[in-house]
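Reader: I would like a close look at one part of this model, the enclosed spaces and what lines them. Please put that part in the setting of the rest of the structure afterwards.

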Amino acid sequence: MADLETFRAETRAWLEANCPAEMRTPTEDEEDTVWGGRNPTFRNDAQRVWLERMGAKGWTAPEWPAAYGGGGLTREEAKILAAEMRDLGCRSPLSSFGIWMLGPALLKYGSEEQKKKYLPPIVRGEIRWCQGYSEPGAGSDLASLQTRAEDRGDHFLVNGSKIWTSYANKADWIFCLVRTDPTAPKHEGISFLLFDMASPGVSTQPILLISGSSPFCQTFFDDVKVPKDQLVGIPNKGWEIAKYLLTHERNSISSMGGRAHRPVHEVAAQHVGLDDRGELDDNLLRAQIARLEVDEIAFELAMERAGDMAKRGEIHGAYSSLLKYYGSELNKRRHEILMSSGGSDALEWESDRSEHGAAPRAWLRTKANSIEGGTSEVQLNILAKRILELPGA
Amino acid sequence: MALVLNDEQTMLRDTARSFLSGEAPVAALRQLRDGHVAEGFSRELWKQFAEMGFAGVLIPEDFGGVGLGHVEAGVVAEEIGRNLTATPFLSTAVLTASALLHGGSDAQKQAWLPKIAGGEIIGALAVDEGAKHRPEKTALQATRTGNGFTLNGAKTFVVDGHVADLLVVAARTSGQPGETQGLTLFLVAGDASGVSRERTVMVDAHNAARISFDNVQVDADAALGPVDGGHELLERVLNVGRAVLAAELSGVGGQAFDITQAYVKERSQFGRIIGEFQSLQHRSAHLFSELEVTRAAVIKALQTLDANPDKAATIVAVAKARAGASTELAVQEGVQMHGGNGMTDAFDIGLYMKRARVAQELLGDSNFHADRLARANGY
């Protein structure tokens, strides 16, 4: 325990010395999120400095082994780092599908060469990854995917199309589910491939969403040549990796249910105001917010508890579905209440005053939370079948 | 600290689970209820609680207890919840013991704590005066007379008040109802002159009482903690009770869920096990999620009371608000999924619904605690 207290003190001192002041305010809009990559965009120098410093310490991926660029922290140390960052209001230095999804899968299924090659640039935010999972004909029924990868001796030849590829037009590399054996049952002919989005034959087409932005793309592969050492794990056994990665995707989506954002009651106080007793001047809205904040605190603890159970090997493999279901529904509820808290101020779609409609665009974006990474209905099916063991599920 | 039970706490849970399901199952509650047992609980069982160390779980060894913490008290309470055990655990081992521990002089502790740990006395905390839990609205008057105080007023929803040897009474020594300043806790003998008690048989067949105080004389040394400044002590004691009660509710909800799951896996209609229907599967999975999220808040609240009691108020409010709401959902879904059988007294699920309603109301319901969180956060 004494060691942990030393770690806490040193961590706090380091954060105070190294986290720029601009990185200690709540994130307000999408440009406050740093994604890194070969051609990174930084809103200001503070974002760049903060990413470089955290990446150098491996603290963008605190629990990954130091040998692959990670922080090498124990779970207890990582909890302390997270707590101190929250206490100081430090923003996350990097948002990354590489950290949230691909990294855990590579750590479990990748070869030593693959781990050494791909993980350190993810930690430092130098390569931005996207996820090639869903296809136009394979949404909730993901395993019916049709993108083909033919074995051509020294390489695979990839043809097909992916959809809802988040930020495919900005990503450097893709981790992609492909069918390597079209004759096998649908779960058994799938492989897990990595390739460069700059490869000849890759093209992307952004999809305009109800939020007015285009974070998702349709991605096309036309005779894309992929070196064979970029297949992860065993050929035709990629579905296992796909499912494992999905549990991490679900965890990262569910974390949106936590309290990383500006508290809803602050937004409401700003737009609705307080009455002479110091209470929100809308008592039914106040009650909605209070219940929401009860649930947000509890859900954050539920995520922490899940991590603790996992560390002790006492967690069910399908628990990530619980967190994904709950966290995404909670985040949608938060944004409904945020819209109500903003009143007519939250309806503006253009104008600098509204940061170009940040509130309604974020609200609309959250509607995808309970669809992406497996719909809420799919998560409930998984819970019913695998944890509750209900018949016929 | 990890939000899971450690090995010792897991052993305690297993011990409590086998003891309570063996000695005090739901059938025991039915016997107390149907036999119209006047005291409403089993003194024999309470003796066993003392022998197992449960009655003294929070009491230090110096005062005859086993000196464990709030997590351990919650572990016992959860098993009480699973079995709907009628026991003075909350009133005596948790609320009265905590009031003495945190507010008592050495003499007061020495006089009462060993007796609580030994299962020799029953204690009760008398706070509520109206239909809803509003501690700061305490109006029961304690006026200085002679060498002590005279108490006048009435309390309601005093859990185990009808059998209590020792009452911890929240009284107003100054100020007006609604003000936190001016509250004082007093120790009053259950059979003191001027105390009259009416047992209130409640919907859950557990025990409570309405108690009136008519010129009840107590000595100056009957005050527990500071005179006029008792609000802080009262809140601390209530927070312990709320967190332990949240653990009990977690047990009530967990067991209601388990017996309902067993039912839907066995009951057949339309030629199918009803658990095959997706409408019940999705509602079951949703309910399971709610109960799991509550568990995290409850263990955090109990751990915080052990490690950092001055900062426990917020998380205790979250835990009690969550436990009340998710257990209410569990019992409502439980009765509905049992269909017509859920409406019958023969099935246990209805008893869980009744206990959940009482425990939801006790020490502040979900709305009360959500409101507390809002106030703490300045809105």
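Which strand of chain B gives the most to the lining of the second largest cavity, and with how many residues?

Author: The model is a predicted one. Strand 3 of chain B gives the most to the lining of the second largest cavity, and its contribution is four residues. This strand runs over residues 148-159. Two other elements of chain B also give two or more residues to that lining, namely helix 5 and strand 1, the latter spanning 123-126.

The second largest cavity has a volume of about 100 Å³. It is lined by 13 residues, and those closest to its centre are B:Leu125, B:Phe157, B:Val159, B:Leu362 and B:Leu363. B:Leu125 falls within the range of strand 1, while B:Phe157 and B:Val159 fall within that of strand 3. By class, the lining consists of nine nonpolar residues, three polar ones and one charged one.

A search of the whole structure finds three cavities of 30 Å³ or more. The largest of them holds about 190 Å³ of space. Its lining has 19 residues, with B:Thr87, B:Leu90, B:Val159, B:His206 and B:Arg355 the closest to the centre. B:Val159 is thus named among the residues closest to the centre for the largest cavity and for the second largest cavity.

Four helices of chain B each supply at least two residues of the lining of the largest cavity: helix 4 (70-83), helix 5 (89-103), helix 7 (231-264) and helix 10 (349-361). B:Leu90 lies in the range of helix 5, and B:Arg355 in that of helix 10. Helix 5 also appears among the elements that give two or more residues to the second largest cavity. The class count for the lining of the largest cavity is eleven nonpolar, five polar and three charged residues.

Turning to open spaces, the second largest pocket has a volume of about 870 Å³. Of the 34 residues that line this pocket, the closest to its centre are A:Arg305, B:Arg13, B:Glu78, B:Glu292 and B:Arg295. Both chains take part in the lining: helix 8 (283-311) of chain A gives two or more residues, as do helix 1 (7-23), helix 4, helix 7 and helix 8 (278-307) of chain B. Helix 8 of chain B has the largest share, seven residues. By class, the pocket lining has 16 nonpolar, six polar and twelve charged residues.

A:Arg305 leads on to the contact between the chains. Together with A:Val294 and A:Leu388, A:Arg305 supplies 17% of the area that chain A buries against chain B, more than any other three residues. In total, chain A and chain B bury about 3,400 Å² between them, and 64% of this is on carbon and sulfur atoms. The contact involves 40 residues of chain A and 42 residues of chain B. Five salt bridges are counted between the two chains. One that can be named joins B:Arg375 to A:Glu279, with the closest N and O atoms 3.4 Å apart.

B:Arg375 also falls inside an annotated range. An unreviewed UniProt entry places "domain: Acyl-CoA dehydrogenase/oxidase C-terminal" on residues 229-376 of chain B. That span is 76% helix and 3% strand, and its end C-alpha atoms lie 20 Å apart. For chain A, the UniProt annotation "domain: Acyl-CoA dehydrogenase/oxidase N-terminal", likewise from an unreviewed entry, covers residues 5-126. Here the span is 54% helix and 0% strand, with its end C-alpha atoms 33 Å apart.

Terms used. Residues numbered from 1 in each chain as written. Chains lettered and ligands numbered in written order. Predicted model: local features only at pLDDT ≥ 70, side-chain atom pairs only at ≥ 80, totals over all residues. Heavy atoms only, no water. 1 Å grid on protein atoms, 1.4 Å probe; cavity = no way out; pocket = protein on both sides within 12 Å on 5 of 7 lines; lining within 4 Å. Points joined across faces, edges and corners; volume = space filled by probe spheres on them. Nonpolar A, V, L, I, M, F, W, Y, C, P; charged D, E, K, R; others polar. UniProt positions renumbered as here; feature names shortened; annotations may be inferred. Contact = heavy atoms within 4.5 Å. Buried area = accessible area lost by both parts, 1.4 Å probe. Salt bridge = Lys/Arg side-chain N within 4 Å of Asp/Glu carboxyl O.
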